[in-house]
Amino acid sequence: MDQLNESGIPSKHRDGRRTFLLGALGATAVGLAGTVGTGRASAAPAPGPAKIRSTQNNWRFCQKCFVMFFWGYPTDGVCPSGGAHSAQGFNFVLPYDVPETPTAQRNWRFCQKCFSMFFWGYPTDGVCPSGGAHSAQGYNFVLPHDVPETPTAQRNWRFCQKCFSMYFWGYPTDGVCPSGGAHSAQGYNFVLPHN
């Protein structure tokens with residue numbers, strides 16, 4: 001006859017129940033942790049609340065100078081080709097104030113003088129078409145680079161080493177740089193999301 005435990009359950013059932021519960025708890029822990037020291041994929045984690053990603057739209061390509069500029073004000077900034085920027089193409093939706101990763105670079109900023117997107121990660125701030133250096137304002141954008149292009153993300157956006165602006169590097173010419181001549185690509189190949 002089976003021995004009874006303090007709850008009046010036979011020992012063999014208690015052991016079987018313990019094994020079942022420990023197995024179920026272990027499976028849950030593996031599912032939540034993803035991979036547990038084996039290098040093998042396991043069950044996907046249980047669905048949770050959706051991650052909210054901070055983004056800003058109204059970033060556009062200027063067909064005159066080729067820079068990325070903010071198109072959300074009554075005026076369109078200052079273009080090195082003369083006058084204001086001129087929007088064409090996609091409406092880009094750019095992430096800001098999120099963690100930097102190996103394929104997403106931070107320190108991209110809005111210039112309050114010319115409205116372009118420029119890199120704010122050097123001791124100087126590049127060359128602004130409205131005179132002097134760019135002047136950062138607003139969000140700290142974290143832009144994806146060196147990832148595959150998709151139907152909603154365009155590649156060939158580059159850092160100009162002369163003016164520090166983000167410009168489109170997908171045409172035979174490289175637009176107009178405020179420091180003279182055309183833009184000059186350096187560094188990562190950015191792949192920017194749009195709608």
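Leaving aside its neighbours within four places in sequence, which residues is Leu143 in contact with? In this predicted model, the contacts of Leu143 are Leu94, Pro95, Thr103, Ala104, Gln105, Trp108, Met117, Met166, Phe190 and Leu192. Leu143 also belongs to the largest nonpolar core, which has 22 residues. Leu143 is one of the residues with the most contacts inside that core. The others are Trp59, Trp108, Met117, Trp157, Met166 and Leu192. Trp108, Met117, Met166 and Leu192 therefore appear twice here, as contacts of Leu143 and as residues with the most contacts inside the core, where each member is by definition buried. Another core lies apart from this one. That core has nine residues, including Val67, Phe69, Tyr167 and Cys177.

Empty space was examined next. Rolling a probe the size of a water molecule over the atoms shows where such space is left. The count comes to one cavity of 30 Å³ or more. The volume of the largest cavity is about 30 Å³. Its lining is made up of Val67, Pro80, His85, Cys114, Ser116, Pro129, His134, Ser165 and Pro178. Five of the lining residues are nonpolar and four are polar. No charged residue takes part in the lining. Val67 links two parts of this account: Val67 lines the largest cavity, and Val67 is also a member of the core of nine residues.

Charged side chains come together elsewhere. The structure holds two salt bridges. In one, the side chain of Glu100 meets that of Arg106, with 3.4 Å from N to O. Glu100 has a relative accessibility of 43% and so counts as partly exposed. Arg106 is partly exposed as well, because its relative accessible area is 40%. In the other salt bridge, Arg155 meets Glu149, and the N to O distance is 3.4 Å. Arg155 has a relative accessible area of 39%, which makes it partly exposed. Glu149, at 42% relative accessibility, is also partly exposed. These values lie in the range for partly exposed residues, because that class runs between 20% and 50%.

Ala153 gives a view of strand 7. This strand covers residues 153-160, and Ala153 is found in it. Ala153 is buried, because its relative accessible area is 11% and the limit for buried residues is under 20%. Leaving aside neighbours within four places in sequence, Ala153 is in contact with Val191, Leu192, Pro193 and His194. Leu192 is also among the contacts of Leu143. Ala153 can be set beside Val93 too. The two residues are 60 apart in sequence, but 9.5 Å apart in space from C-alpha to C-alpha.

Two residues stand out for their backbone angles. Most residues other than glycine have a negative phi. Asn107 has a positive phi, near 75°. Its place is in strand 4, residues 104-111. Asn107 counts as buried, because its relative accessibility is 15%. Phe115 is not a glycine either, yet its phi is positive at about 75°. Phe115 sits in the loop between strand 4 and strand 5, the latter being residues 117-119. Phe115 is buried, because its relative accessible area is 9%.

Definitions and conventions: Residues numbered from 1 in each chain as written. Predicted model: local features only at pLDDT ≥ 70, side-chain atom pairs only at ≥ 80, totals over all residues. Heavy atoms only, no water. 1 Å grid on protein atoms, 1.4 Å probe; cavity = no way out; pocket = protein on both sides within 12 Å on 5 of 7 lines; lining within 4 Å. Points joined across faces, edges and corners; volume = space filled by probe spheres on them. Nonpolar A, V, L, I, M, F, W, Y, C, P; charged D, E, K, R; others polar. Salt bridge = Lys/Arg side-chain N within 4 Å of Asp/Glu carboxyl O. Buried < 20%, exposed > 50% of the residue type's maximum accessible area, 1.4 Å probe, protein only. Core = buried A, V, L, I, M, F, W, Y, C linked by side-chain atoms within 4.5 Å. Contact = heavy atoms within 4.5 Å. Helix = DSSP H or I, 4+ residues; strand = E, 2+ residues; numbered from the N terminus.
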